[in-house]
Amino acid sequence: MSNIVIIGTQWGDEGKGKIVDHLAEFADIVVRFQGGNNAGHTMVIKGKQFISHLVPSGILQGKKCYLGNGMVIDPDVLIEEMDELTKNGIDVSPEKLKISEKAHIIMPYHKMLDKAREEMKGDKKIGTTGRGIGPCYEDKATRRGIRFVDLIDPNVFKEKVNAIIEEKNFYLKDFLKSETINPMHIIDEYSNYAKRLAPHAVNISVAMSQGIKKNNKILFEGAQGTHLDIDHGTYPYVTSSNTVAGNACNGAGVGPKDITGVVGIVKAYTTRVGAGPFPAELFDEIGDRIQEKGAEFGATTGRRRRCGWLDTVLLRNAVRLNSPTGFVITKLDVLGGLEFLKICTHYEFQGKQIDEVPASLKALAECKPVYETFPSWSEDISHIRKYEDLPQNTKNYLKRIEELTDVPIQLISVGPGREETIVIENPFQ
Ligand code: GDP
Ligand code: IMO
Ligand code: MG
């Protein structure tokens with residue numbers, strides 16, 4: 001049995017999509033277990049870029065892909081993505097792509113509420129993706145959500161929409177001073193989505209257990225990153241789901257014994273989109289150079305990503321929270337050519353050294369990063385495929401990450417392309 005969870009260790013956009021695509025070659029099933037189309041996972045195959053928001057990144061390797069019960073799904077976006085994949089000759093038939101009956105459905109009012117609330121918050125806004133993620137998880141928790149199984153039953157769907165719309169419209173109109181929604185429009189629009197997507201419905205737990213019995217290899221694809229986790233992240237500047245590895249079980253309907261490994265994806269530096277504290281953030285020309293060379297623009301919203309040095313306080317927090325069996329270092333090529341590199345080893349808070357991410361946002365905002373400085377390398381490393389061939393300074397940087405986190409590096413990514421990868425140890429073996 002070899003079933004691996006892939007998670008982001010920072011604030012998302014670590015390159016999970018590229019690594020899931022790379023490792024999917026060795027897998028039979030790829031399953032997304034949380035989040036929705038707030039995610040933007042980029043894969044580059046033979047120079048062609050694919051961005052997936054909902055469909056698991058294993059689809060390009062022709063693997064079976066499941067959308068887990070822990071996800072929130074905007075059916076319109078899913079259909080658009082499926083159509084785009086079909087245009088590119090990728091099979092998204094119900095044999096390949098399955099949707100958990102228990103996944104929650106993003107409704108038009110979720111998107112409107114997300115946007116209107118953010119607008120109302122002014123400069124206190126979280127900087128959400130505006131995709132309705134928070135309001136949809138909110139309805140799930142208050143037991144008023146609409147699941148995929150409800151969407152594909154016309155009577156249940158109608159009943160559920162009619163039961164909730166009055167309250168949503170009241171909130172939109174009277175509190176958020178926003179437009180209201182005609183329930184008939186939703187029912188019409190969503191009945192088309194239901195017809196199209198119904199053949200993809202699956203009992204995910206049963207499907208996963210059948211795969212496990214057949215000794216299928218499974219990749220659990222995480223979205224966002226550890227520090228965007230609703231419990232463990234920099235709350236309230238987080239997303240609305242659990243992004244840590246433990247949620248792979250919940251969000252895909254399997255037990256913890258079915259997981260054999262956890263791979264943490266680590267970008268060689270740190271980025272963040274949206275608001276919230278970021279101790280190792282760079283506000284200088286070096287930050288701009290990393291942003292430009294790394295093409296750090298959000299794959300979902302196109303926003304410029306904030307950039308900073310690698311922060312091992314965050315990484316050690318991610319190690320505690322996810323118990324990774326290995327790390328993948330991505331975007332290492334981006335750091336070449338800088339005069340020097342820095343790694344944040346700990347924070348200084350009120351005159352003391354600390355090694356944890358404080359729960360209080362006020363305290364985190366006061367934390368000053370303490371750095372070790374390293375010489376960089378000038379060589380282009382994007383063509384390198386063997387660890388031994390990396391420049392000594394690059395190896396020193398990687399060694400220090402391993403020392404500071406106590407996690408072995410299994411893969412190194414030196415470019416966006418599927419093959420621009422150095423394999424030290426295949427997590428599936
Ligand atoms: P995800 O959300 O974790 O899947 O990451 P994103 O796709 O949002 O962002 C990662 C970006 O970096 C994408 O544009 C990738 O194509 C790109 N990328 C991934 N790995 C590498 C790498 O090793 N080097 C470079 N230069 N780009 C990479
Ligand atoms: P991937 O999977 C980076 C951020 C948003 C915002 C906060 C809450 O591509 O790594 P939400 O719309 O989820 O309510 O927004 O979370 N965010 C991400 N940042 N990568 C992501 O996904 C993200 N998904 C959400 O920018 O700060
Ligand atoms: Mg992304």
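## The pocket of ligand 2

The space that ligand 2 takes up is the largest pocket of this predicted model. Its shell consists of 20 residues, of which Lys 16, His 41, Thr 129, Gln 224 and Thr 239 are the closest to the ligand. By residue class, the shell around ligand 2 divides into 10 polar, 7 nonpolar and 3 charged residues.

Several oxygen atoms or a shared one may be involved in the polar contacts of ligand 2, and each contact is therefore described separately, a pair of N or O atoms within 3.5 Å being what counts as such a contact. The side chain of Thr 129 places an N or O atom 2.6 Å from an oxygen atom of ligand 2, while a polar side-chain atom of Asn 38 lies 2.9 Å from an oxygen atom of the ligand. The backbone takes part as well, with a polar backbone atom of Gly 40 at 2.9 Å from an oxygen atom of ligand 2. Taken alone, ligand 2 exposes 550 Å², and the protein buries 98% of that area.

## The pocket of ligand 1

Ligand 1 occupies the second largest pocket. There are 18 residues around ligand 1, and those that come nearest are Lys 16, Gly 17, Thr 42, Asp 333 and Ser 413. The shell around ligand 1 is made up of 7 charged, 7 polar and 4 nonpolar residues.

Polar contacts to ligand 1 come from side chains and from the backbone. A polar side-chain atom of Asp 333 lies 2.8 Å from a nitrogen atom of ligand 1, and a polar side-chain atom of Lys 331 lies 2.9 Å from an oxygen atom of the ligand. For Glu 14, a backbone N or O atom lies 3.1 Å from an oxygen atom of ligand 1. On its own ligand 1 has 580 Å² of accessible area, and the protein covers 92% of this.

## Elements and domains around ligand 1

Two secondary-structure elements, helix H1 (16-24) and strand S3 (41-45), each supply at least two residues of the shell around ligand 1. Helix H1 gives the most to this shell, with 3 residues.

At the level of domains, ligand 1 lies between domain 1 (3-100 + 201-261) and domain 3 (266-423), because both of these domains give residues to the shell around the ligand.

## A residue named at both ligands

Lys 16 is listed among the residues that come nearest to ligand 1, and Lys 16 is also one of the closest residues to ligand 2.

Methods: Residues numbered from 1 in each chain as written. Chains lettered and ligands numbered in written order. Predicted model: local features only at pLDDT ≥ 70, side-chain atom pairs only at ≥ 80, totals over all residues. Heavy atoms only, no water. Near = heavy atom within 4 Å. Polar contact = N/O pair within 3.5 Å; in protein donor to acceptor, adjacent residues only side chain to side chain. Areas by Shrake-Rupley, 256 points an atom, 1.4 Å probe, with all protein chains shown as cover. 1 Å grid on protein atoms, 1.4 Å probe; cavity = no way out; pocket = protein on both sides within 12 Å on 5 of 7 lines; lining within 4 Å. Sits in = over half its atoms within 2 Å of the grid points. Helix = DSSP H or I, 4+ residues; strand = E, 2+ residues; numbered from the N terminus. Nonpolar A, V, L, I, M, F, W, Y, C, P; charged D, E, K, R; others polar. Domains from an automatic or database assignment.
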